[in-house]
Amino acid sequence: MKDLNIYSKFFKKLIIFLLISLSLINVSTYCCLLSPINIEGNSKNNDFEKDNTNEEKKIAYLTFDDGPSKNTELILDILKENNVHATFFIISPYIEPHIQFVKRAYEEGNAIGNHTADHEFKYVYTCEESFFKSFNKQQKFIKEVTGSDCTIFRFPGGSNNTIVKNSRGKDFTKNITFKLNEVGVNVYDWNVDSGDAKGNNIPASTLIQNISREIKDKDGNYKNPAIILMHDCMTKNTTVEALPGIIKLLKDAGYDFGILK
Ligand SMILES: [Zn+2]
């Protein structure tokens with residue numbers, strides 16, 4: 001009887017041990033298999049969905065040149081209210097409160113681009129050396145304000161402007177673009193012009209109409225991407241006035257909003 005009891009106790013212990021071991025193996029198997037597969041599976045699903053939608057999604061890039069100014073702050077408020085972002089190609093001079101707008105723009109998820117420090121055609125486009133002096137001064141300033149290296153640039157007047165082509169030859173901006181690309185800086189022009197550079201106080205309704213016309217290509221299709229040229233210097237009050245209407249127009253046309261990188 002005593003032996004039988006010992007065997008019985010031994011088997012009970014063995015069964016309990018086996019049950020515990022099995023349940024531990026199950027839990028560890030479940031954790032190892034389920035968690036990573038789940039995470040990976042989800043991220044793949046998301047990517048797949050994203051890829052699918054990206055094919056159809058139209059992206060609009062709101063860009064503002066020649067700031068910062070008092071208007072930059074008003075523009076930032078409108079962007080925030082509408083939950084969209086923009087790209088600011090900035091120049092000097094730097095007035096202390098305006099520097100804070102650059103910092104705020106960056107911190108709120110907008111992109112800051114280099115537009116040369118000087119923006120003076122006579123100086124910036126004299127030769128490559130003076131161009132890079134002005135470009136590098138602005139790179140340094142942007143790094144100081146945002147803490148990040150600036151990787152986007154827009155030529156004052158655009159890369160295709162006739163004044164520079166006529167005075168410096170057609171390859172002047174092309175050669176500089178090549179050098180900028182080599183150091184990881186992307187150069188952007190635009191394909192939708194708000195027309196706000198043609199004068200001051202152009203009615204907001206005219207600026208909206210200009211964009212509504214330019215947003216479509218010659219076949220009547222919406223441009224994708226649409227890179228929209230506007231200005232946030234202190235004289236462009238009607239650009240600020242037009243901005244909510246411009247954002248609405250783009251949203252109604254089915255655009256998402258991106259920042260240049
Ligand atoms: Zn400019």
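The protein has 9 helices and 8 strands, and the model described here is a predicted one. Of its 261 residues, 39% count as buried. Among the contacts between residues at least 6 apart in sequence, 76% join residues at least 24 apart.

**The zinc site**

The zinc ion is coordinated by an OD atom of D66 and by the NE2 atoms of H115 and H119, at 2.1 Å. Along the chain these donor residues follow the spacing D-x48-H-x3-H. Two of them, D66 and H115, link distant parts of the chain, since they stand 49 residues apart. D66 belongs to the loop between strand 1 (58-65) and helix 2 (70-81), whereas H115 belongs to the loop between strand 3 (111-114) and helix 4 (121-124). Both D66 and H115 are buried.

**The surroundings of H115**

Is H115 buried or exposed? Its relative accessibility is 1%, and because buried means under 20%, H115 counts as buried. The side chain of H115 makes a polar contact with the side chain of H119, at 3.1 Å, and H119 is also a donor to the zinc ion. A second partner is found in the backbone, where the oxygen of R154 lies 2.8 Å from a polar atom of the H115 side chain. When neighbours within four places in sequence are left aside, the residues in contact with H115 include D65 and D66, the run of F89, I90 and I91, and also Q138. R154 appears again in this set of contacts, together with F153, F155 and P156.

**Backbone features**

Most residues other than glycine have a negative phi, and most peptide bonds are trans. The table lists four places in this model with a positive phi or a cis peptide bond.

| Place | Feature | Value |
|---|---|---|
| S92 to P93 | cis peptide bond | omega near 5° |
| N224 to P225 | cis peptide bond | omega about 5° |
| T116 | positive phi | phi near 70° |
| N201 | positive phi | phi near 60° |

Each of these places can be located in a loop of the model. P93 lies in the loop between strand 2 (86-90) and helix 3 (96-107), while P225 lies in the loop between helix 8 and strand 7 (226-231). T116 is placed in the loop between strand 3 and helix 4, which is also where H115 is found. N201 sits in the loop between strand 6 (192-193) and helix 8.

How do the two residues with positive phi stand with respect to the surface, and which is buried or exposed? T116 has a relative accessible area of 0% and is therefore buried, whereas N201 reaches 53% relative accessibility and so counts as exposed, the cut-off for exposed being over 50%.

**The cavity**

The structure holds 1 cavity of 30 Å³ or more, and the space in the largest cavity is about 30 Å³. Which residues line the largest cavity? Its lining is made up of D193, K198, N210, R213 and E214. By class, this lining has 4 charged residues and 1 polar residue, with no nonpolar residue. Helix 8, which spans residues 204-214, gives the most to the lining, with 3 residues.

Methods: Residues numbered from 1 in each chain as written. Predicted model: local features only at pLDDT ≥ 70, side-chain atom pairs only at ≥ 80, totals over all residues. Heavy atoms only, no water. Donors = N, O, S within 2.8 Å, 3.2 Å for Na, K, Ca; no water. Helix = DSSP H or I, 4+ residues; strand = E, 2+ residues; numbered from the N terminus. Buried < 20%, exposed > 50% of the residue type's maximum accessible area, 1.4 Å probe, protein only. 1 Å grid on protein atoms, 1.4 Å probe; cavity = no way out; pocket = protein on both sides within 12 Å on 5 of 7 lines; lining within 4 Å. Points joined across faces, edges and corners; volume = space filled by probe spheres on them. Nonpolar A, V, L, I, M, F, W, Y, C, P; charged D, E, K, R; others polar. Polar contact = N/O pair within 3.5 Å; in protein donor to acceptor, adjacent residues only side chain to side chain. Contact = heavy atoms within 4.5 Å.
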